[in-house]
Amino acid sequence: MTPVLEVRNLSTHFMTRRGVLKAVDDVSFTVGQREIVGLVGESGSGKSITGFSILGLVDPPGRVVNGQILFNGDDLLKMSPTAMRTIRGKRIAMIFQDPMMTLNPVLSVGTQMIETVQAHDRVSRAEARARSRDALGLVGIPSPEERLDSYPHQFSGGMRQRVAIAIALLHRPDLIIADEPTTALDVTIQSQILFEIKRLAAEFGMALIWISHDLGVVAALADRIMVMYAGRIVEAGQVDGVLSEPRHPYTSGLLSAVPAAVPRGEPLRPIPGFAPSPLSRPSGCAFRDRCARATDICATEPMLEIAAGREFRCFHPHLWSAA
Amino acid sequence: MTNPLVEAVDASRRFSRKLDYAEKIANLFGAGLEEKTVHAVDGVNLTVYPGEVVGLVGESGCGKSTLGRIMAGIMPTSDGEVRWQGKSLAALQGDEKRAMRLSAQMIFQDPMSTLNPRKRVIDLIGEAPKVHGIVKGREVRDYVASLTERVGLDASYLDRYPHQFSGGQRQRIGIARALAVKPKLLVCDESVAALDVSIQAQILNLFMDLKREFGLTYLFISHDLGVVKHICDRVVVMYLGRVVESATPDELFDNPKHPYTQALIRELPSVTDRRRVFTPIKGEIPSPLHPPPGCHFHPRCPKAFDRCRVERPVLKKNGPGHISACHLNDLSATETKNATAETAI
């Protein structure tokens with residue numbers, strides 16, 4: 001089965017006055033059909049820029065400087081802006097963290113959804129409205145017909161996020177990129193959204209890239225997980241494997257920093273230090289200054305190792321006895 | 001038992017918007033418009049003892065931040081009162097009032113919006129202790145340097161501005177500023193919510209170290225049950241302005257009584273428990289403008305029955321240090337009573 005998305009050696013750099021900021025640096029991964037991939041990392045690790053790069057949404061001074069993004073076999077980076085517009089929103093959709101920023105506050109939700117339908121399909125307004133209504137119903141918004149005439153501010157945060165998901169679903173895309181869509185939501189509402197997303201992805205056979213800093217959310221949702229640090233994917237593999245037997249010290253560091261990892265009341269085990277500034281990343285392994293396992297060899301670039309469906313970039317990976 | 005440090009007694013806080021001129025005119029013609037009132041905190045009793053870490057959890061709009069502000073003495077109550085070491089805050093005067101205000105400090109979620117961007121670290125932290133006579137003018141620099149070092153910031157940063165720091169460092173500045181006036185109580189309002197997980201762990205460790213070192217008391221407000229479970233001695237769960245349950249963390253997680261608490265704990269995403277099925281509770285958090293009658297949770301509660309729709313449940317004891325406000329408590333009590341009666345027959 002051919003993958004929906006294949007990213008090869010993607011590098012997105014920002015040419016700032018203070019130098020070249022390598023937000024995404026030689027990133028490669030694939031997303032299979034119907035696969036849910038979690039992309040995790042701390043703020044500034046480049047996970048959102050990876051998502052933006054796929055959709056061609058990187059603005060100057062940022063630029064995709066290298067790589068290929070193959071979507072169903074076609075390289076998105078070689079496409080004309082016109083051709084890209086037929087894909088963006090139709091074949092690949094995106095859901096952002098804050099729907100209040102992405103929904104137009106002066107247009108009713110119905111108007112915005114009808115626009116989205118008609119941007120790609122030549123259908124009558126009435127039919128576009130009917131499709132919008134159905135999409136709202138799908139994501140669990142009560143009385144969708146009336147809600148089409150509501151404005152974004154008349155929805156609660158969770159409901160707005162459902163509207164954003166409904167818009168993303170309008171054209172039944174092959175791939176949805178969701179950038180921290182539940183981060184701003186309460187636990188019970190987040191759980192409702194995760195439930196709906198999982199159901200809808202399975203129902204329509206969509207692939208999903210779920211960008212999040214919350215390992216717990218990704219653990220519950222995704223099939224595969226990719227961990228980003230300082231612009232690179234440092235570890236990737238099946239969720240169960242990566243979270244129970246992490247190979248990269250950064251992954252294990254993240255896992256043991258959560259409060260649940262130590263008995264109640266005992267000191268937590270944070271990763272020492274801070275993430276390096278993206279303008280002045282150390283050569284070699286960017287994590288080596290914070291890593292307890294680092295040695296001199298870490299000053300050189302660690303190669304990507306692939307073993308048993310697991311990829312990681314580390315000279316001193318954790319070893320787990322083969323079961 | 002020791003005397004409470006701070007306690008809220010039937011404390012309520014309402015926010016209402018007065019009718020504007022046009023609405024008043026509309027009312028003259030019989031529009032019948034009323035003032036909109038939000039019951040942010042609705043008759044809450046909460047006691048915090050010296051040296052305790054009390055966690056206050058709940059979803060957005062449940063009134064946890066308002067309650068925190070009331071208990072820190074920076075917002076008055078509408079009804080009821082807050083007592084500081086046994087004395088009503090409203091009755092405190094002069095020096096006593098000033099001392100209380102210094103003794104209760106707040107640390108907020110977003111340090112960028114609570115640190116003046118035009119001031120240097122030295123002034124941000126040093127101004128309050130200087131004004132209140134805690135240190136002399138020429139000793140301020142040494143005093144601030146010792147504080148910043150204590151919270152894990154290099155003393156060479158004293159002349160920098162807030163924008164030159166990362167989020168975690170800014171939060172450390174906020175903590176040092178609160179510590180500078182030698183407080184007894186720290187009210188932390190979502191203080192680690194905006195931080196990445198490894199930075200969050202560093203700050204939580206700092207909070208726990210400071211508690212031991214300075215004998216601090218914390219009211220720790222958070223929506224993150226995992227964090228609260230880890231550092232608190234007691235957890236208080238709020239829903240729409242009311243306390244629905246309170247217990248020690250172990251008791252609360254092992255034996256939650258209120259259906260809302262049960263839902264919160266069940267839906268907590270966890271790395272260790274890779275459960276693939278979500279069983280969300282239905283519905284939205286109702287608007288605090290029009291809270292449902294009876295138990296506020298009944299429209300979303302899977303176990304609601306007729307009584308929940310009319311009568312407000314009161315907090316009842318479920319065990320040592322464990323209270324909850326749910327009519328199911330009475331139900332199970334009568335059921336067990338009936339059961340014992342049957343066996344007696």
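Here is a short conversation about the contact between two chains and the aromatic pairs in a predicted model.

Reader: Hello! How many residues does each of chain B and chain A bring to the contact?

Author: Glad you asked about the contact itself. Chain B and chain A bury about 3600 Å² between them, with 58% of that on carbon and sulfur atoms. The contact is made by 37 residues from chain B and 44 residues from chain A.

Reader: Which side chains meet in a salt bridge across the interface?

Author: For chain B and chain A, the rule finds 1 salt bridge across the interface. The cut-off is a side-chain nitrogen of Lys or Arg within 4 Å of a carboxyl oxygen of Asp or Glu. At 3.6 Å from N to O, the side chains that meet are those of R264(A) and D250(B).

Reader: Which helix gives the most to the side of chain B that touches chain A?

Author: The interface also has 11 residue pairs in polar contact, both partners at pLDDT 80 or more. On chain B, α8 (197–214), α9 (225–231), α10 (249–254) and α11 (259–267) each supply at least two residues of the side touching chain A. With 8 residues, the one that gives the most is α8(B).

Reader: And by class, how many nonpolar, polar and charged residues are on that side of chain B?

Author: Let us stay with the side of chain B that touches chain A. Its residues divide by class into 16 nonpolar, 10 polar and 11 charged.

Reader: Now to the rings: how far apart in sequence are the parts that F52(A) and F96(A) tie together?

Author: Over all chains, the rule counts 10 aromatic pairs. One of them joins F52(A) and F96(A), tilted at 40 degrees between the planes and 6.2 Å centre to centre. F52(A) sits in helix α1 (residues 47–55) of chain A and F96(A) in the loop between β6 (92–95) and α3 (99–102), so the parts tied together are 44 residues apart in sequence.

Reader: Is F52(A) buried, partly exposed or exposed?

Author: Buried would mean under 20% relative accessible area, and exposed over 50%. The relative accessible area of F52(A) is 22%, so F52(A) is partly exposed.

Reader: What kind of aromatic pair do F207(B) and Y218(B) form?

Author: F207(B) is in helix α8 of chain B and Y218(B) in strand β8 (residues 217–222), so this pair links parts 11 residues apart in sequence. Both F207(B) and Y218(B) are buried. With 5.5 Å centre to centre and 75 degrees between the planes, the pair is edge-to-face.

Reader: Lastly, which residues form one aromatic cluster?

Author: This one takes us back to chain A. The residues in one aromatic cluster are Y229(A), Y250(A) and F287(A).

Notes. Residues numbered from 1 in each chain as written. Chains lettered and ligands numbered in written order. Predicted model: local features only at pLDDT ≥ 70, side-chain atom pairs only at ≥ 80, totals over all residues. Heavy atoms only, no water. Contact = heavy atoms within 4.5 Å. Buried area = accessible area lost by both parts, 1.4 Å probe. Polar contact = N/O pair within 3.5 Å; in protein donor to acceptor, adjacent residues only side chain to side chain. Helix = DSSP H or I, 4+ residues; strand = E, 2+ residues; numbered from the N terminus. Nonpolar A, V, L, I, M, F, W, Y, C, P; charged D, E, K, R; others polar. Phe/Tyr/Trp six-rings, centres within 6.5 Å; stacked < 30°, edge-to-face > 60°. Buried < 20%, exposed > 50% of the residue type's maximum accessible area, 1.4 Å probe, protein only.
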